[in-house]
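Open the model in your viewer and keep the selection box handy. We will walk through it one stop at a time.

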Amino acid sequence: MQIKGDSQALARFLDDGITHGDALDLLPLLPERSIDLFFTSPPYADARAYSRIHPDCYVEWFLPFAKAMFHAANKSGSLILNIKNRVAKSGPLKGQRHPYLYELVLAIQRMGWRWIETYIWAKPNAVPGKFGPRTKDSFEYVYHFARGAKPYFDLDAVRVPYKADFAEIARRKLDRLGRRNTEAGFGRDRTKTYLRGGADPGNVVNVPQTYNQYRGVAHTAAMPEGLAEFFIKIACPVGGIVIDPFAGGGTTIVVARRLGRRAAGFEIHEEFVEESRRRISENSAMDAQGYLFRVG
Ligand SMILES: C[S@@+](CC[C@H](N)C(=O)[O-])C[C@H]1O[C@@H](n2cnc3c(N)ncnc32)[C@H](O)[C@@H]1O
């Protein structure tokens, strides 16, 4: 039997902040076309004791969640997925990179989500160790999928300071010929480059694992707040709704609320639910006192 989502259930989730349960049961309770952004970091294949999913079965495991999110996303809504590559531990691919992640991206695209971009989350302080014939893992992927042809996207919210200094910017603003006449032919008019108040940060997002890390939560895979901040700002309008179906220690909810979005999450393990409830209420108390509140 298909369970129909309703706005009362959504209001309850937003009120609760975090709801204990299996996202596969809870996602279908969201009303159709109601959510601006699903931002999440699901359990990585075979990685953690709390949720072991073999990489060979990962696509099959994840697709029902992707379908439920597709149903609930609004027409400018997005699914942004942070996920990590891994090396196969056994079987014919043992010792090689397992293709599960690439298979997953293609499967999500085939089911209807529009694959907009692949971001690299670069971790300048990744933990060193022994990784066989390869360097340490110092990045993870973040995939942006959109429900429709015109996803909400606010580049201005994440612009960074220009690298050129003031004098050089002034010179380029007058450079009407730009470099259009170069022999290579790929010059451009730079007179309008500096009108937006900052530079496009590009699709490599540098966030140290410890950046702004909330230390009061015992989740072993909590993401840095800076990562959530970047993607919430670009893909959800102020006042919009963000849902994290694999909420863990509640990073998405805390950051989204701080940024003036409405937010809720689902979490299957009770101990993490308790942790994130505590974190959400501590943060809202601090935000209410004006320590952390930033909209934009
Ligand atoms: C990688 S962690 C998320 C960490 C989170 N982004 C944070 O910053 O704390 C993934 C979480 O998904 C939860 N999980 C796994 N399967 C789930 C399911 N079917 N429904 C809801 N939560 C689930 C796990 O218990 C784990 O806490």
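Start by selecting residues 7-16, which make up helix H1. H1 lies across S1 and S8, and its direction is at about 90° to that of S8. Now add residues 58-72, helix H3, which packs on the sheet and touches strand S2 (35-40) and strand S3 (73-83). The direction of H3 makes about 150° with that of S3. Keep in mind as you look around that this is a predicted model.

**The whole chain**

Switch to a cartoon view of everything. The protein chain holds eight helices and eight strands. Of its 296 residues, 35% count as buried. Among contacts with a separation of 6 or more, 69% come from residues 24 or more positions apart.

**The sheet**

Next, color the strands. In what order do the eight strands of the open sheet run? They follow S1-S8-S7-S2-S3-S5-S4-S6, with mixed pairing. Select 18-20 (strand S1) and 204-206 (strand S6): these stand at the edges, each with a single partner strand, so one side of each has no neighbour in the sheet. Turn the sheet to view its twist, which averages 20° from one strand to the next.

Stay at the S6 edge and add strand S4, residues 114-122. S4 and S6 pair in the parallel sense over three bridges. To find one contact point, pick Ala-122, whose bridge partner in S6 is Asn-206.

From S4, step across to S5. Eight bridges join these two strands, which run antiparallel. Thr-118 stands opposite Tyr-143 in S5. On to S3, which pairs with S5 in the antiparallel sense over six bridges; pick Leu-79 and you will find its bridge partner in S5, Phe-145. Is S5 mostly covered or uncovered? Mostly covered: six of its eight residues are buried. As you look along a strand, remember that in a regular strand the side chains alternate between the two faces of the sheet.

**Helix H4, two sides**

Select residues 100-110, helix H4, and show side chains for Tyr-100, Leu-101, Leu-104 and Ile-108, which are buried. Look down the axis of H4: its buried residues fall within an arc of 95°, so they line one face of the helix. An α-helix has 3.6 residues a turn, so residues three or four places apart point the same way. What do the buried residues of H4 pack against? Their partners are H3, S3 and strand S5 (139-146). Now rotate to the other side of H4, where Leu-106 and Arg-110 are exposed. Just beyond, H4 is followed by Gly-112, which has a positive phi, near 130°.

**Val-273**

Jump to helix H8, residues 270-288, and click on Val-273. Is Val-273 buried or exposed? With 23 other C-beta atoms within 10 Å, Val-273 is buried, because 20 or more is the cut-off. Leaving aside neighbours within four places in sequence, Val-273 is in contact with Ile-18, His-20 and Glu-267. Try a distance between C-alpha atoms too: Val-273 and Gly-17 are separated by 9.8 Å, although they are 256 residues apart along the chain.

**The ligand**

Finish at the ligand and show the 22 residues around it. Which of them come nearest? Ala-23, Phe-246, Gly-248, Gly-249 and Thr-251 do. Helix H2 (23-26) and strand S8 (262-267) are the elements that give two or more residues to this shell. Color the shell by residue type and you will find 13 nonpolar, seven polar and two charged residues.

Terms used. Residues are numbered from 1 along each chain as its sequence is written. This is a predicted model: local features need pLDDT of at least 70, side-chain atom pairs count only at pLDDT 80 or more; totals for chains, interfaces and linings use all residues. A residue is near a molecule or strand if its C-beta atom, placed from the backbone, lies within 6 Å of it. Helices (H or I, at least four residues) and strands (E, at least two) are DSSP runs, numbered from the N terminus. Ala, Val, Leu, Ile, Met, Phe, Trp, Tyr, Cys and Pro count as nonpolar, Asp, Glu, Lys and Arg as charged, and the others, Gly among them, as polar. Two strands pair if DSSP finds at least two bridges between them. Axes are lines fitted to C-alpha atoms, for helices over the stretch in contact, and angles run from 0 to 180 degrees between N-to-C directions. Two residues are in contact if their C-beta atoms, placed from the backbone, lie within 7 Å. A residue is buried if 20 or more other C-beta atoms lie within 10 Å of its own, exposed if 12 or fewer, and partly exposed in between; C-beta atoms are placed from the backbone. The arc is that of the directions from the helix axis to the C-beta atoms.
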